[in-house]
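Biologist: I am new to this structure and would be grateful for a guided account. May I put several questions to you in turn?

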Amino acid sequence: MIRSEEILELLKYGERISLECKDSRNEISKSVWETYSAFANTCGGIILLGIEEHMSEINIEKRFTFTDIKNPEIRLKEFWDTINSNKVSANILLDDNVGYCDIKGHTVLWIEVPQADYKCKPVYINENPMKGSFKRNHEGDYHCTEEEVKAMLRDSSDSGIDGGLLDGFTMDDVDLNTLKSY
């Protein structure tokens, strides 16, 4: 659960690899799902809805505007309905990961997205892992390359590529120096 003081502290450093702000005053921003995917596939992060960032503003006190989430209970229900639908490949959130609070008379909805377990990756949107998987770099969400998606899919497999036994090999096939250094 995130408190208003914690949000104000987070905003002092601006958007970054683990923080994204979105206006979303009348509805859940459609780009929230790309950010959810990116945070889940990278290192996790916090999405704040009801806050707009003014990139050109240098003064941190004026950089963010609280735009207020209208009908927060309805927005919260919309969020849970969508994340539990086929819009998103995996809901990795618990009830305690999402909520809203009052900051200076404005309602902000917060979403704490943990990094997904390797077995859940890639977390993607729109039922298409190749086109709907995102990663986070700096303060942006970017499409994963086909190679990155394939790597996540390969890593998520229980069988893996290095978990099987190889037939027809003996200790003569093992490089002893490599084995010792391992």
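Biologist: What radius of gyration does the chain have, beside that of a compact globule of 182 residues?

Modeller: The model is a predicted one. Along its principal axes, the C-alpha trace spans about 75 × 35 × 25 Å. A compact globule of 182 residues would have a radius of gyration near 16 Å, but the value for the chain is 21 Å.

Biologist: How many helices and strands are there in the chain, and what percentage of its residues count as buried?

Modeller: The chain holds seven helices and eight strands. Residues count as buried when their relative accessible area is under 20%. Of the 182 residues, the buried portion is 40%.

Biologist: Which element gives the most residues to the largest nonpolar core?

Modeller: In soluble globular proteins, nonpolar side chains tend to be buried together. Here the largest nonpolar core has 26 residues, and Trp 33, Tyr 36, Phe 79 and Ile 111 have the most contacts inside it. Two or more residues come from each of α2 (32-41), β2 (45-49), α4 (72-83) and β6 (106-113). The greatest contribution, six residues, is that of α2.

Biologist: Which residues, beyond its neighbours within four places in sequence, are in contact with Tyr 36?

Modeller: Contact here requires heavy atoms within 4.5 Å. With the neighbours within four places left aside, the partners of Tyr 36 are Ile 47, Ile 83, Val 88, Ala 90, Asn 91, Ile 92, Leu 93, Val 113 and Val 123.

Biologist: How far apart in space are Gly 105 and Val 123?

Modeller: Gly 105 is placed in the loop between β5 (98-103) and β6, and Gly 105 is exposed, with a relative accessible area of 54%. Val 123, in turn, is in contact with Tyr 36. Gly 105 and Val 123 are 18 residues apart in sequence, and their C-alpha to C-alpha distance is 35 Å.

Biologist: What is the phi of Lys 104, and is Lys 104 buried or exposed?

Modeller: Most residues other than glycine have a negative phi. Lys 104, in the loop between β5 and β6, is not a glycine, yet its phi is positive, at about 55 degrees. Because its relative accessible area of 64% is over the 50% cut-off, Lys 104 is exposed.

Biologist: Which peptide bond is cis?

Modeller: Most peptide bonds are trans. Pro 122 is found in the loop between β6 and α5 (129-132). With omega near 0 degrees, the cis bond is the one from Lys 121 to Pro 122.

Technical notes. Residues are numbered from 1 along each chain as its sequence is written. This is a predicted model: local features need pLDDT of at least 70, side-chain atom pairs count only at pLDDT 80 or more; totals for chains, interfaces and linings use all residues. Side-chain values use heavy atoms; hydrogens and water are left out. A nonpolar core is a set of buried Ala, Val, Leu, Ile, Met, Phe, Trp, Tyr and Cys residues joined through side-chain atoms within 4.5 Å. Buried means under 20% relative accessible area, exposed over 50%, partly exposed in between (1.4 Å probe, protein chains only). Helices (H or I, at least four residues) and strands (E, at least two) are DSSP runs, numbered from the N terminus. The radius of gyration is taken over C-alpha atoms; the globule rule is 2.2 Å times the number of residues to the power 0.38.
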